[in-house]
Amino acid sequence: MVEDNGSVRTLSVDIGGSGVKAIVLDITGKPLTERGRLETPHPATPEVVINAIAVLAASQGEYHRVSVGFPGVVRSGVTETAANLDANWIGFDLATALSEQLNKPVKVINDADMQGLGAIAGKGVELVITLGTGFGSALFVDGKLVPNMEMGHHPFRKGETYEEQLGRAALEKIGDKKWNRRLQKAIASLQHLFNYDCLYIGGGEAVRVNMNLPLNVKLIPNITGLLGGIALWRE
């Protein structure tokens, strides 16, 4: 690989339930290319998603290493859960398979964790939630990640999880107004649970948030999920 200097280019990939996105970042995390996006294939098996990533990678020009955000628990490059993709992801070594496909070193992390790495200030308790097909979450303490905190599948209200109440299916079923009321309840619940210094709200459906947010709650753009990819390679 190229020496770790200004010429190192990182392909950052965000695998979502509805779209697979990619961009190339410089050593500081600044985008060097336009974001590419393909619809997530269905069924979203490892093989077809890896093929989609390869197509996106070929359109992004030169890169030397790859960062991937995956919507599920990831341990040492192996995907352990995949609630919004295909069951074949459970126990799949994505880092190795994609490295062999692209012939580049690959690091894989939970997608909300990667989004958080692109958003946080690195001080105090910082919580990130992502609103998209599902409900992602990431927790940081003084910039250090508490990995694989899949809070979306925990009970929230009325016998349902955060994901069941606030995922895209719920949003489409109940509409923006009721969904925003639910989100407001979730923000209050999470403040009591984590006593966070700052909450960041990202993901594709964050644009639907329409309320007066507390001063310690910030909306972040969806591209943050890709920008966090540079942090995977920092020592």
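The following exercises, with worked solutions, concern a strand sheet, a helix and the salt bridges of a predicted model.

Local features require pLDDT of at least 70 and side-chain atom pairs count only at pLDDT 80 or more, whereas totals for chains, interfaces and linings use all residues. Residues are numbered from 1 along each chain as its sequence is written, and side-chain values use heavy atoms, with hydrogens and water left out.

**Exercise 1.** Determine the order of the strands in the open sheet of three strands, and state which strands stand at its edges.

*Solution.* Step one: strands are DSSP runs (E, at least two residues; helices are H or I, at least four), numbered from the N terminus. Two strands pair if DSSP finds at least two bridges between them. Step two: β5 and β6 (residues 78-79) are joined by two bridges and run antiparallel; here Val74 lies opposite Thr79 of β6. Step three: the order is β5-β6-β7, with antiparallel pairing. β5 (74-75) and β7 (92-93) each have a single partner strand, so they are the edges, and one side of each lacks a neighbour in the sheet.

**Exercise 2.** Explain why the buried residues of helix α2 lie on the same side of the helix, and identify what covers them.

*Solution.* Step one: buried means under 20% relative accessible area, exposed over 50%, and partly exposed in between (1.4 Å probe, protein chains only). In α2 (residues 94-102), the residues Leu94, Ala95, Leu98 and Leu102 are buried. Step two: these residues span an arc of only 95 degrees around the axis, which places them on the same side of α2; the arc is that of the directions from the helix axis to the C-beta atoms. Step three: an α-helix has 3.6 residues a turn, so residues three or four places apart point the same way. Step four: the cover of the buried residues of α2 includes β1 (10-15), α1 (46-58), β4 (65-70), β6, β7 and β8 (106-110). Just after α2, Asn103 adopts a positive phi of about 60 degrees.

**Exercise 3.** State how many salt bridges the structure holds, and classify the partners of the Arg75 and Arg208 bridges by accessibility.

*Solution.* Step one: a salt bridge is a side-chain nitrogen of Lys or Arg within 4 Å of a carboxyl oxygen of Asp or Glu; the structure holds six. Step two: Arg75 and Glu80 form one, with the closest N and O atoms 2.5 Å apart. Arg75 is partly exposed at 46%, and Glu80 is partly exposed at 30%. Step three: Arg208 meets Glu205 at 3.2 Å, N to O. Arg208 is partly exposed at 29%, whereas Glu205 is buried at 9%. Step four: Glu205 and Arg208 belong to a network of salt bridges with Arg168 and Asp176.

Notes
Contact means heavy atoms within 4.5 Å.
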